[in-house]
Amino acid sequence: MKYPAKLKEGAVVGVIAPSSPVEEERQAQCKAVLEGLGYKVKMADNLSASKGGYMAGEEKARGEWINKMFQDEEVDAVFCQRGGDGANRIIDYIDLDIVRNNKKIFVGYSDVTSLHLLFNQECDLVTFHGPMVSSNMVDQFDEETKNSFMDALTAEKEYAYPAPKGYPVGIAREGRAEGIMTGGNLTVMCASLGTPYEMDTKGRILFIEEIGEHIGNLDRHIYQLRNAGKLKECAGIVLGQFTRCDVDVEGYDIVRVILDATEGLGIPVMYNIQSGHSFPMMTLPMGARCTMDTADKSIVFHVER
């Protein structure tokens, strides 16, 4: 897989809504914050359109805006304004040849996990599990989040995960692994199973994050991955943020679930990686080759263009 060209000063950023909408006032704030960072901005026209009250317009429109932004020769990067619901509905409307032939920076997380998996696996494009415009940049674009984002999108040879101050990397099982990073939101990953776009974990480092789930549901999702053979195939596991999750019930937490589900597999496991639905939110290049090493608590991504 290849990195897209690095983000340059004065680049043109296309803002899309592949999932849920925002109100018009919020759109203006999104545009202003990107312009304040020194970028020129092109906005999709469905950012506030609503379907069923929680999707940014019809599936075809949302998918076609991805095609337009990737095909537009002026656009250097495509940022998602937010996550929400419905990205998996638009897959059939995305022209994968357009994405393959116009490799660009693509940023988002949460429901956007569907698109990370699609672009990584079908288009050989490295994408970025990083801050979204409305969700992260307008109100609380803290320095550590911003620095990680900029460093990941402008890296020359390698990009190392920068553990924020006060959030040390945790080691659940020691070891070293190298492979392409895949994953994202746990619920969305599980929803890919049994589809033509099913997540591939063979020889890969699996990143997992979640929001608003009880430990029982987290346990079910993890064991769905185990029962589907996805955990025994992976080279290593990295646990991100589990925001507003009830992850500690009588001492049984998400780390314990992972260790139980991978018992006997010898897979290294790191946790407390700050990427997901909280702040600070560090950027992770999905589809990039990386090395995780518990000896020095490092995750290093190798930039290949």
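Buried means under 20% relative accessible area, exposed means over 50%, and partly exposed lies in between, computed with a 1.4 Å probe on protein chains only. The model is predicted, so local features need pLDDT of at least 70 and side-chain atom pairs count only at pLDDT 80 or more, while totals for chains, interfaces and linings use all residues. Residues are numbered from 1 along each chain as its sequence is written, and side-chain values use heavy atoms, with hydrogens and water left out.

**Exercise 1. Locate serine 275 and decide whether serine 275 is buried or exposed.**

Step 1. Serine 275 sits in the loop between β11 (269-271) and β12 (284-286); strands here are DSSP runs of E with at least two residues, helices are runs of H or I with at least four, and both are numbered from the N terminus.

Step 2. The relative accessible area of serine 275 is 0%, and therefore serine 275 is buried.

Step 3. Once neighbours within four places in sequence are set aside, the contacts (heavy atoms within 4.5 Å) of serine 275 include His129, Phe207, Glu209 and Met282.

Step 4. A polar atom of the serine 275 side chain lies 2.8 Å from the backbone oxygen of methionine 282.

**Exercise 2. Trace the open sheet of 6 strands and find its edge strands.**

Step 1. The strand order is β2-β1-β3-β4-β5-β12, with mixed pairing, where two strands pair if DSSP finds at least two bridges between them.

Step 2. The edge strands are β2 and β12, each of which pairs on one side only.

Step 3. Within the sheet, β1 and β3 pair in the parallel sense over 4 bridges, and valine 13 stands opposite alanine 77 in β3.

Step 4. Helix α2 packs on the sheet, where α2 touches β1, β2, β3 and β4, and the direction of α2 makes about 175° with that of β1; axes are lines fitted to C-alpha atoms, for helices over the stretch in contact, and angles run from 0 to 180 degrees between N-to-C directions.

**Exercise 3. Describe the span of helix α2 and list its buried residues.**

Step 1. Helix α2 (residues 59-71) has 13 residues and reaches 19 Å from its first C-alpha to its last, close to the 18 Å expected at 1.5 Å a residue, the expected span being 1.5 Å times one less than the number of residues.

Step 2. The buried residues of α2 are Glu59, Arg62, Gly63, Trp65, Ile66, Asn67, Met69 and Phe70.

Step 3. These buried residues pack against several elements, including α3 (96-101) and α4 (113-123).

Key. A polar contact is a pair of N or O atoms within 3.5 Å; within protein, one must be able to donate a hydrogen and the other to accept it, and residues adjacent in sequence count only if both atoms are side-chain atoms.
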